[in-house]
Amino acid sequence: MTDTLSSPVTSPPAPDPAADRPDPSDARAQRIVIGAAMTGNAGYGLLSTITILYFSTHLHLAASRIGLALTIAGACAMLLGIPAGRLADTTVPPRLGAALSYLLLAATEVCILLVDSYYGLVVVLVAAAGFQMTAATMRQTIVARLGGPRASVFRAKVTARANLAMMVGMAASSLVIAAGSATAYRSAIVVCCVLTAAQGLLFLALPLGLAAPAAKTLAADGPAADGPAAEAGRAGSRWEAFTDLPYLSICLIYATLVLLETVVTVALPLWITQHTTGPGWLIAVFGVANTLAIACLLTRTARKVNTPRRAGRAMAVGGVFAGVFCVLTALASGPALLPAVIVLVIALLASIAAELLTVSAEMELTMTLAPEHAKGQYLGLSQTALTAATTAGPSLVTLACLTWGRPGWILLGTLLALAGLVTPAVTAWAERTRRGGGVDSGWGASHRR
């Protein structure tokens, strides 16, 4: 207050329209990252749809054993998120780490064709999940560095485009499933491996040095720091992400809210077919509508959720929408066909709004609140939380929504709403610790918005 009164009264400088535009080299690098994400996700959309059927039909494995193998793989991958991020901060250039991880992932996917036993499948899935986690963490670190002060918007753009490509892959999988032969399945797996390898090679086309945003701003004061080693010099605690309680809390909240995606993909189709009078084709319509909405609206939503405070509020509203979705879905069981369809459509709209808001908020919070010198480590923590939710999610939502029925839907909806509603308080806590010189004392000064 005193400093403001004693200084000359001047109008704030007009915002520079080009401030958030990347320089030409960064714009080229951003296009490469988007292209790589789309290439890889087209393969992922194809592979994720057909592998379960391939394991079941052509390897003759029971669904319970396949589920157990996937759970083991996800649990093992969780151990690698933060170490991979630490490597991106200190030792391994993220472009090389991402490229190598995706190339190794492609080689591991080829091994699916060679598996002839259950234990061999577990080993392959564990390796694949580990390389996937490492690659995703490295990629998020690259996105954070290329996105600059609007990293969450760039990340939303990457996610939206990747979702469109994944939808193409999922559509292609229907042709494979229609063919049904082992040759068709194996050919599709080979195509997925090629796309994953191409994704890794695209990351090699990125500039050799991807300077962290803080390093760019310090370039005038000394030699440019364009590699992980420079970031290591500014690192504080070796594993400081583990001690950043506000950031841990935000990751836990989002891990809870991301259960909504599992509900939509796992529990909702079974609920519609087994407990409502709604027609089965609604499942396909809902899936396409959800994917298109996220692909078309996520970037626009992320541009509006452009501060931690707005992100906290968006997460709260998104949590409430998620709760409304669960309650409406529970109420859809029992009514006649037309009322059931109307209720389910309204529930779908609520789920889309919830996902748009919570995903945009998570991107803003995890990108912005992560200190520059440990960006990879923090983003590795957020990836770990996401993997934990997607690993445990199917079992949890199946128990709550299908075993417990209506009470389970309402209980889950209440949990999601409460998780969202506490986010503004946790966000304020995170902002205080940074402005007060806690985890990243420079955060308050460097935050532009």
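**Notes on a helical chain**

1. Let's start with one residue: Thr-299 has a relative accessibility of 12%, which makes it buried (buried means under 20% relative accessible area, exposed over 50% and partly exposed in between, using a 1.4 Å probe and protein chains only). Thr-299 sits in helix H13, residues 281–304. Not counting neighbours within four places in sequence, Thr-299 is in contact with Val-153, Ala-156, Lys-157 and Ala-160 (contact means heavy atoms within 4.5 Å).

2. Before going further, some ground rules. This is a predicted model, in which local features need pLDDT of at least 70 and side-chain atom pairs count only at pLDDT 80 or more, while totals for chains, interfaces and linings use all residues. Residues are numbered from 1 along each chain as its sequence is written, and side-chain values use heavy atoms, with hydrogens and water left out.

3. Now the overall picture. The chain has 19 helices and 0 strands; both are DSSP runs numbered from the N terminus, helices being H or I over at least four residues and strands E over at least two. Of the 449 residues in the chain, 51% are buried. Take the contacts between residues at least 6 apart in sequence: 86% of these join residues at least 24 apart. The chain exposes about 19700 Å², with 69% of that coming from carbon and sulfur atoms (areas are from the Shrake-Rupley method with a 1.4 Å probe, and for residues only the protein chains shown count as cover).

4. Back to H13, the helix that holds Thr-299. Which way does H7 run relative to H13? The axes of H7 (residues 151–179) and H13 come within 8 Å and cross at roughly 170°, so H7 is roughly antiparallel to H13. Axes are lines fitted to C-alpha atoms, for helices over the stretch in contact, and angles run from 0 to 180 degrees between N-to-C directions. Under 35 degrees counts as roughly parallel, over 145 as roughly antiparallel, 65 to 115 as roughly perpendicular and the rest as oblique.

5. Who does the touching between these two? On the H7 side, the contact includes Val-153, Ala-156, Lys-157 and Ala-160, the residues that Thr-299 is in contact with. Thr-299 is among the H13 residues involved, as are Leu-298 and Ala-302. By class, the contact of H7 with H13 has 10 nonpolar, 5 polar and 2 charged residues (nonpolar: Ala, Val, Leu, Ile, Met, Phe, Trp, Tyr, Cys and Pro; charged: Asp, Glu, Lys and Arg; polar: the others, Gly among them).

6. H14 (residues 308–331) and H15 (residues 337–368) are another pair worth a look: their axes come within 7 Å and cross at roughly 155°. That makes H14 roughly antiparallel to H15. Their crossing is left-handed, meaning that the near helix is turned anticlockwise from the far one by less than a right angle (clockwise would be right-handed). The contact of H14 with H15 draws on 21 nonpolar, 6 polar and 2 charged residues.

7. While you're at H14, find Val-327, which belongs to that helix. At 33% relative accessibility, Val-327 is partly exposed. Val-327 and Gly-408 are 81 residues apart along the chain, and their C-alpha atoms are separated by 9.7 Å.

8. A similar check works in H8 (residues 182–204), home of Val-190. Val-190 has a relative accessible area of 41%, so it is partly exposed. How far apart in space are Val-190 and Val-110? They are 80 residues apart in sequence, yet 6.7 Å apart from C-alpha to C-alpha.

9. H11 (residues 245–257) and H18 (residues 423–435) pack at about 155°, with axes 9 Å apart. H11 is therefore roughly antiparallel to H18, and the crossing is left-handed. H11 contributes residues including Leu-245, Pro-246 and Tyr-247, and H18 residues including Trp-429 and Arg-434. The tally for the contact of H11 with H18 is 8 nonpolar, 3 polar and 1 charged.

10. Is H4 mostly covered or mostly uncovered? Mostly covered: 8 of the 10 residues in H4 (residues 81–90) are buried, among them Gly-81, Ile-82, Arg-86 and Asp-89. Thr-384, in H16 (residues 375–403), is in contact with Gly-81 and Ile-82, and also with Met-78 and Met-133, leaving aside neighbours within four places in sequence. Thr-384 is buried at 13% relative accessibility.

11. Last, a backbone point. His-60 has a positive phi of about 60°, although it is not a glycine. His-60 lies in the loop between H2 (24–57) and H3 (63–77), and at 66% relative accessibility it is exposed.
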